[in-house]
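I opened my notebook to go through one protein model and write down what I looked up, entry by entry.

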Amino acid sequence: MADTRPTASIEAVESGLAAQGYIASRQIATAVYLSQQIDKPILVEGPTGVGKTELAKAIAAWRGMKMIRLQCYEGLDEAKALYEWKYAKQLLYTQILKDKLGEVLGGAQTLGAALDQLHTFGDVFFSKEFVEPRPLLQALEQPDGCVLLIDEIDKSDAEFESLLLEILSDFQVTIPELGTVAAVAPPTVILTSNSERDLGDALKRRCLHLHIGFPEQRLEERIVESRVPGISQTLRKQMVGFIHEIRSLDLKKLPSVSEAIDWARVLVLLQASELDHEIVRDTLNVLLKYEADIEAATPQISAFIAKASRQGVFS
């Protein structure tokens, strides 16, 4: 059963997310707590792979709520995001009305009366029965609330933001043929952005802002420990230290948290007890996704392992 009550404290948010395997910084937990207290969406910005989408999933799992996801892309419009009409059903209804036209107009004595009679049936075409709800409308209709994830909003067109403004401020939407549809229970809204384009001020005003960057080393160690419990403490400290050294390089794509977790799983699978030059060289493609980045990092492997090992000893 969904828990729609506001969380009692920031610490409760931290422990609730941790129970779902999401190790949140104090900043993240504070944003989630405030969002629940004042019914504000959260706009989460940051590089790819740092846990923006995972945050929405963790909130939904923690609170026992359904998660509805709207994946944004260029050209996204209200027919895919909000609603569209069930055209096939309308066509079938038209055929039925045509077949029964004589019965429908049987009592009409004049053309005006016949038209009035048809208009009463025509209104049914644009009733709730013929609406196909898309993610935004589905979220408003959930009786127990939900987590609405609007993922990668920066990939949509700037015009699409205007469609969101009423939903983000009042948790309602106006459909011309039906009127205003208000949320049965206000959804918890998470918007994510990789900052590929600047978002409008109107959208930002309606949201709490949260930036998730690469975590500091101790927090990233906790994240890896949570997601890969079989990894030894020594290896965990070494690999996280090594990743932080890699991120100091001028690379096309820095390794993300999700790639750090993948690398930890690979190292455990290969039964590594500690980092060495050979295993890092053989698995560097798990961390780095461009050949140019791998070539830039390879000469630094031994130095970075040594530095990460020294840090692990004194931490």
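The entries below go from the strands to the largest pocket, then to the cysteines and a few single residues.

**Entry on the model.** I noted before anything else that this is a predicted model.

**Entry on the open sheet.** I looked up how the strands are arranged and found five of them in an open sheet, in the order β2-β5-β8-β1-β9, with parallel pairing. The edges of this sheet are β2 and β9, the latter covering residues 208-211, and each of these edge strands pairs on one side only. When I looked up the angle between neighbouring strands, I found an average turn of 20° against each other, with direction ignored. Inside the sheet I followed one pair, strand β1 (residues 42-45) and strand β8 (residues 188-193), which are joined in the parallel sense over four bridges. Within this pair, E45 has S193 in β8 as its bridge partner.

**Entry on the hairpin.** I then turned to β6 and β7, which form a hairpin with three residues between them. The two strands run antiparallel, and four bridges join β6 to β7, the strand of residues 179-182. Opposite V173 I found V181 in β7. I also asked myself which residues of β6 make up the covered face and which the uncovered one. The covered face of this strand, which spans residues 172-175, holds V173 and I175, whereas Q172 and T174 are on the uncovered face.

**Entry on the largest pocket.** The volume I wrote down for the largest pocket is about 490 Å³. It is lined by 32 residues, and those closest to its centre are G49, V50, G51, K52 and V257. I listed the elements that give two or more residues to this lining, and they are α2 (26-38), α3 (52-63), β2 (66-71), α11 (217-227) and α13 (257-269). Helix α13 gives the most, with five residues. Sorted by kind, the lining has 11 nonpolar, 13 polar and eight charged residues.

**Entry on cysteines.** How many disulfides does a search of the whole structure find? I noted that the search finds zero. Looking up two cysteines by themselves, I found that C72 counts as buried because its relative accessibility is 2%, and that C207 counts as buried because its value is 10%.

**Entry on positive phi.** Most residues other than glycine have a negative phi, and I therefore wrote down two that do not follow this. F171, which is not a glycine, has a positive phi of about 50°, and F171 sits in the loop between α9 (158-170) and β6. Is F171 buried or exposed? With a relative accessible area of 11%, F171 is buried, because the cut-off for buried is under 20%. Q271 has a positive phi near 60°, and Q271 lies in the loop between α13 and α14 (277-287). Q271 is exposed, because its relative accessible area of 73% is over 50%.

**Entry on residues apart in the chain.** I found A308 in helix α16, where A308 is buried with a relative accessible area of 0%. A308 and G241 are 67 residues apart in sequence, but their C-alpha atoms are 4.6 Å apart in space. T298 has its place in the loop between α15 (291-297) and α16 (301-314). At 29% relative accessibility, T298 counts as partly exposed, and its C-alpha atom is separated by 10.0 Å from that of I246, which is 52 residues away along the chain.

Definitions and conventions: Residues numbered from 1 in each chain as written. Predicted model: local features only at pLDDT ≥ 70, side-chain atom pairs only at ≥ 80, totals over all residues. Heavy atoms only, no water. Disulfide = S-S within 2.5 Å. Buried < 20%, exposed > 50% of the residue type's maximum accessible area, 1.4 Å probe, protein only. 1 Å grid on protein atoms, 1.4 Å probe; cavity = no way out; pocket = protein on both sides within 12 Å on 5 of 7 lines; lining within 4 Å. Points joined across faces, edges and corners; volume = space filled by probe spheres on them. Nonpolar A, V, L, I, M, F, W, Y, C, P; charged D, E, K, R; others polar. Pairing = 2+ DSSP bridges. Axes fitted to C-alpha atoms, helices over the stretch in contact; angles between N-to-C directions.
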